[in-house]
Amino acid sequence: MKTLAERPVITVIGSGMMGSAITWPAADNGCEIRLVGTPLDRDIISHAREKAEHLTLKRPFPDGGKNYSYFYFEELDRALDGADITICGVSSFGLDWYLENVIPRLPDGLPVLSITKGMIHTGGGKMISYPEKMEEVAESLGKKIDFMAVGGPCTSYELADHDPSCVTFCGRKPELLRAVRSWFEAPYYHVSLSDDVRGVECAVALKNAYALGISLAIGMSYKREGREFEHYNSQAALFGQAVKEMQKLLAECGGKPENITLGAGDLYVTVFGGRTRRLGILLGEGYSFAEAKAKLAGVTLESTAIAARTVEAVKELERLGRARPEEFPMLHHIGRLLDGETGITVPFAAFESESFE
């Protein structure tokens, strides 16, 4: 692997907000960045070529884009030529597209660092991470590719603004992870390392579903107060229950228990902003899921897909006798909302427990 003195080449596939923002520290370190848009990112690439700024982040690229070049997806092969690593920057809704259209074109041996968060329910209540699915597809094509991923609390616009962030890079090869960390680590971007790929990815994927549930309390406050006023007792109650349920699911996935800190941190930052918060507020105000989606038309709602898969997996675990419904009252409440139910109240009483030695 190259050192910074040898100027590594990083090719990003998916030029959305986080796919682009993660390049900020690498560009500040002097790495060469090749930003490739998916077919949905053409406006982003056109704007970047013209103005050296990101269209949706609304920020100029570091140092006026000196270390950047921009490619449409039709130019992917040129963007991959000579690359030292590629970043998977698609949303979770773009995973199937990435598996079908990108992995077959990746050079054998080119490492991948994924920022796409989510889990796949493979049946029997089993959940696997996106890097594991990517690895499965690559192996079926006879390719040997090391897949790594990023987990932890980090919003794209704050990373671009150099707000101190702490994340984890996970993968199977410690030396490869250390080399990649050296390209990205910066005074404002701090990177831990882990070989627990499924545990890290499970923890940070679950936060999407549970951030939706915590945001219900914000909408409930708005509805009760008749203005944008937040109560925090109810949010804290939901946050605590979310972490409790996430711990159980993390254990079921076989992840190391310490990864709950990544999930809890990511949960915290997601509740304070973004698309999931907006959806949860609308549901908390009493809108049906269909009505809330209509109000958020055009907004990518990854949390709903992750929540639906998690509900499906938990129901399967319950059918198999490996979990009980009373262990997941918050998740089941979210599931009922996504199924279109309205007028149901958050089951705070179900969060009560007794603990005696």
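**Exercise 1. Enclosed space**

Find how many cavities of 30 Å³ or more the whole structure holds, and state what lines the largest cavity.

*Solution.* In this predicted model, a search of the whole structure yields two cavities of 30 Å³ or more. Turning next to the largest cavity, one finds about 60 Å³ of space in it. Its lining is made up of Glu 135, Asp 146, Phe 147, Met 148, Gly 171, Arg 172, Lys 173, Leu 176 and Leu 177. When these residues are assigned to secondary structure, strand 10 (147–151) and helix 8 (174–184) are the elements that give two or more residues to the lining of the largest cavity.

**Exercise 2. An open pocket**

Describe the second largest pocket by its volume and by the residues that line it.

*Solution.* The second largest pocket contains about 250 Å³ of space, and of the 17 residues lining this pocket, Leu 283, Gly 284, Gly 343, Ile 344 and Thr 345 are the closest to its centre. As a further step, the lining can be sorted by element: helix 9, helix 12 and helix 15 each provide at least two residues, and helix 9 gives the largest share, which is three residues.

**Exercise 3. The largest nonpolar core**

Determine which members of the largest nonpolar core touch the most other members, and which helix supplies the largest share of this core.

*Solution.* The core has 48 residues, of which Tyr 210, Leu 267, Leu 279 and Met 330 touch the most other members. At least two residues of this core come from each of helix 9 (197–225), helix 10 (233–253), helix 11 (260–271), helix 12 (275–284), helix 13 (289–295), helix 14 (302–319) and helix 15 (329–338). The largest share, 13 residues, belongs to helix 9. To examine one member more carefully, leave out residues up to four places away in sequence; Leu 279 then touches Leu 212, Phe 289, Ala 292, Leu 296, Leu 301, Ser 303 and Thr 304. Apart from this core lies another, of 38 residues, including Trp 24, Cys 31, Leu 113 and Val 180.

**Exercise 4. Strand 6 and its partners**

Work out how strand 6 pairs with strand 1 and strand 7, and whether the residues on its two faces are buried or exposed.

*Solution.* Strand 1 (residues 9–13) runs parallel to strand 6 and is joined to it by four bridges, with Thr 11 standing opposite Thr 86. Strand 7 (residues 112–114) also pairs with strand 6 in the parallel sense, over three bridges, and here Thr 86 stands opposite Val 112. Strand 6, helix 5 (residues 95–101) and strand 7 together form a right-handed β-α-β unit. Finally, both faces of strand 6 (residues 85–88) are covered, since Ile 85 and Ile 87 on one side and Thr 86 and Cys 88 on the other are all buried, that is, under 20% relative accessible area.

Technical notes: Residues are numbered from 1 along each chain as its sequence is written. This is a predicted model: local features need pLDDT of at least 70, side-chain atom pairs count only at pLDDT 80 or more; totals for chains, interfaces and linings use all residues. Side-chain values use heavy atoms; hydrogens and water are left out. A nonpolar core is a set of buried Ala, Val, Leu, Ile, Met, Phe, Trp, Tyr and Cys residues joined through side-chain atoms within 4.5 Å. Buried means under 20% relative accessible area, exposed over 50%, partly exposed in between (1.4 Å probe, protein chains only). Contact means heavy atoms within 4.5 Å. Two strands pair if DSSP finds at least two bridges between them. A crossover is right-handed if, with the strands pointing away from the viewer, the path from the first strand over the helix to the second runs clockwise. On a 1 Å grid over the protein atoms alone, a cavity is a set of points where a 1.4 Å probe fits but cannot get out, and a pocket is an open set with protein on both sides within 12 Å along at least five of seven lines; lining residues have an atom within 4 Å of a point. Grid points are joined across faces, edges and corners, and a volume is the space filled by probe spheres set on the points.
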